[in-house]
There are 2 protein chains.
Amino acid sequence: MAVDVAILTIRRGEFEVLLIRRGKAPFEGRLALPGGFLEVDETLHQAAERELLEETGTWAEGGRLERVGVYSRPERDPRRRVVSVSYVAMVPDPPREKAGGDAAATEWMPVDKALGEQLAFDHWQILSDAVEHARQQLERTNAATAFCREAFTVAELRRVYEIVWQTPLDAGNFHRKVTRIEAFLEPTGETTTRDGGRPAALYRAGRTRRIQLPLARPEPVGAKGTDA
Amino acid sequence: MAVDVAILTIRRGEFEVLLIRRGKAPFEGRLALPGGFLEVDETLHQAAERELLEETGTWAEGGRLERVGVYSRPERDPRRRVVSVSYVAMVPDPPREKAGGDAAATEWMPVDKALGEQLAFDHWQILSDAVEHARQQLERTNAATAFCREAFTVAELRRVYEIVWQTPLDAGNFHRKVTRIEAFLEPTGETTTRDGGRPAALYRAGRTRRIQLPLARPEPVGAKGTDA
DNA sequence: ACAAAAGTGTTAGTACTACACCCATGA
DNA sequence: TCATGGGTGTAGTACTAACACTTTTGT
């Protein structure tokens, strides 16, 4: 019984994931998602939180942690039978590189690049499912706000959508749509010019988590697939 | 490592679930969902299929089996630590009552009634999540067709929606919407008058599993909740 | 003054809701 | 012929995409 966590963020204008270079067999030298075994007195969600904290430091609370899949093919771990539950963490850009405890080398990598690598175990599938989950969550929930700092502009939020979905969105229409949803964005009253141009109003994430007017993606990405 | 399966169907115009009266401690005499432990050489999905087959006979292939949640509270089983993965099976009305192997007494019960019972373990939560999952799947996928026999009319499909969602739908609009979706329904060319009135065209489920023009529910039912 | 980004107006198209209406059968 | 359910037509409303346009800053 284990958990694996795909920690996703937006860094330098890219959609990135945190990977660990494995220092021991099996899959020595390969990249893997952070993960670990379930302790006797915790839930899987708590185990995932623990992993997130270990790998990224204390800034986990701003993020969002959701269960994605369960991986149970008997041969997925060559050592012994391990069923793993995967989580996706959507977090704001972490303040600095901070190597975790048990893993020597952690590195951020664009998700597309990561999906081109030979990952350990079935982590390619796990990452692929996590990314697809995140993409879908943007459509139906306020998950995108988890990638932003505490106070953000509408344009910054739009950039999250554009980067995760890899598609440009109409700035005007996006602004109208997103500000119209009741209690989705909560104005702070402040403005900023940090992105240049006319000052933009700052918002916090509001109460509304689930949205029903989908911010439709132009074309759905490939289908999900977990176990057979 | 266990699986629990909420087997749902439409029987006698009601949305029903298959429950088992437990014959031994813990929770002796209480109703529970069918379930069992994971064997060493199977995936969780295969274990769920096995449970479904054991409880309902060989008619499982027409149905639809999907993973819903993972339940990992350390104290959820009083005997020892058991993490359980839940599945929901959406199946057509089973041909006859057929008591399974390991359970003495199985019974179909309307889901609302079942959610009013004191169920064993955390099966109330599991059932509740499974029902909510099924309701949501009707909105986004062709899951409703899994409740119908192989060839069905548009009105029979509509009745599935109305029963599961507990809300009346406009027959004309439903017909138009559902027949417009590309490859969602595949006409058999036959017609039937088994529901009375003018002969209705018969359809099979088509290729399209995921639909993007949601058949919107008037008001969403309560939120999901799995582990803490 | 000009560039850049925020935010609003406008218009044409599309989908949905509600409900009227016609169609094809069994009794 | 009547009741029953299947299926289509239609008008008003609502949302959307595309894009023009105005606003407010920094340089």
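**Notebook: two chains and two DNA strands**

I began with DNA strand C and found 23 residues around this strand, of which A155(A), G172(A), G197(A), R198(A) and R198(B) come nearest; a residue is taken as near a molecule or strand if its C-beta atom, placed from the backbone, lies within 6 Å of it. Before going on I noted that this is a predicted model, in which local features need pLDDT of at least 70 and side-chain atom pairs count only at pLDDT 80 or more, while totals for chains, interfaces and linings use all residues. I also noted that residues are numbered from 1 along each chain as its sequence is written, and that chains are lettered from A and ligands numbered from 1 in the order in which they are written.

**Entry on the DNA surfaces**

Returning to DNA strand C, whose nearest residues include A155(A) and R198(B), I looked up the elements that give two or more residues to the surface near this strand, and they are α4 (154–165), α5 and β10 (200–205) of chain A together with α5 of chain B. Helices (H or I, at least four residues) and strands (E, at least two) are DSSP runs here, numbered from the N terminus. The largest share of the surface near DNA strand C comes from α5(A), with four residues. By class I read eight nonpolar, nine polar and six charged residues for the surface near DNA strand C, where Ala, Val, Leu, Ile, Met, Phe, Trp, Tyr, Cys and Pro count as nonpolar, Asp, Glu, Lys and Arg as charged, and the others, Gly among them, as polar.

I then turned to DNA strand D, which is surrounded by 23 residues, the closest being R198(A), A155(B), G172(B), G197(B) and R198(B). At least two residues each of the surface near DNA strand D are supplied by α5 (171–180) of chain A and by α4 (154–165), α5 (171–180) and β10 (200–205) of chain B. Here α5(B) gives the most, with four residues, and the classes are eight nonpolar, nine polar and six charged.

**Entry on chain A and its partner**

I counted five helices and ten strands in chain A. Of its 228 residues, 36% are buried, a residue being buried if 20 or more other C-beta atoms lie within 10 Å of its own, exposed if 12 or fewer, and partly exposed in between, with C-beta atoms placed from the backbone.

How many residues of chain A are in contact with chain B? I found 17 residues of chain A in contact with 17 residues of chain B, contact meaning that the C-beta atoms of two residues, placed from the backbone, lie within 7 Å. On the side of chain A that touches chain B, α1 (44–56) and β5 (64–71) of chain A are the elements that give two or more residues, and the residues of this side divide into eight nonpolar, four polar and five charged. Since 100% of the interface residues of chain A are also interface residues in chain B, the copies meet through the same surface.

I also looked up the superposition, which is done by least squares on the C-alpha atoms of residues with pLDDT of at least 70 in both copies. Chain A can be laid on chain B with an RMSD of 0.1 Å by a turn of 179° and a shift of 0.0 Å along the axis. The two copies are therefore related as by a two-fold rotation axis.

**Entry on α4 and α5**

In chain A, I read that the axes of α4(A) and α5(A) come within 10 Å and cross at roughly 105°; axes are lines fitted to C-alpha atoms, for helices over the stretch in contact, and angles run from 0 to 180 degrees between N-to-C directions. The two helices α4(A) and α5(A) are therefore roughly perpendicular to each other, a term for angles of 65 to 115 degrees, with those under 35 roughly parallel, those over 145 roughly antiparallel and the rest oblique. V154(A), A155(A), L157(A) and R158(A) of α4(A) make the contact with A171(A), F174(A), H175(A), V178(A) and T179(A) of α5(A), and the classes are six nonpolar, two polar and one charged.

Q166(A) has its place in the loop between α4 and α5 of chain A, and I take this residue as partly exposed because 13 C-beta neighbours lie inside 10 Å.

**Entry on backbone details**

A cis peptide bond joins A25(A) and P26(A), with omega about -5°, and P26(A) is found in the loop between β2 (14–21) and β3 (31–32) of chain A. In chain B, I noted that F27(B), although not a glycine, has a positive phi of about 60°, and that its place is in the loop between β2 and β3 of chain B.
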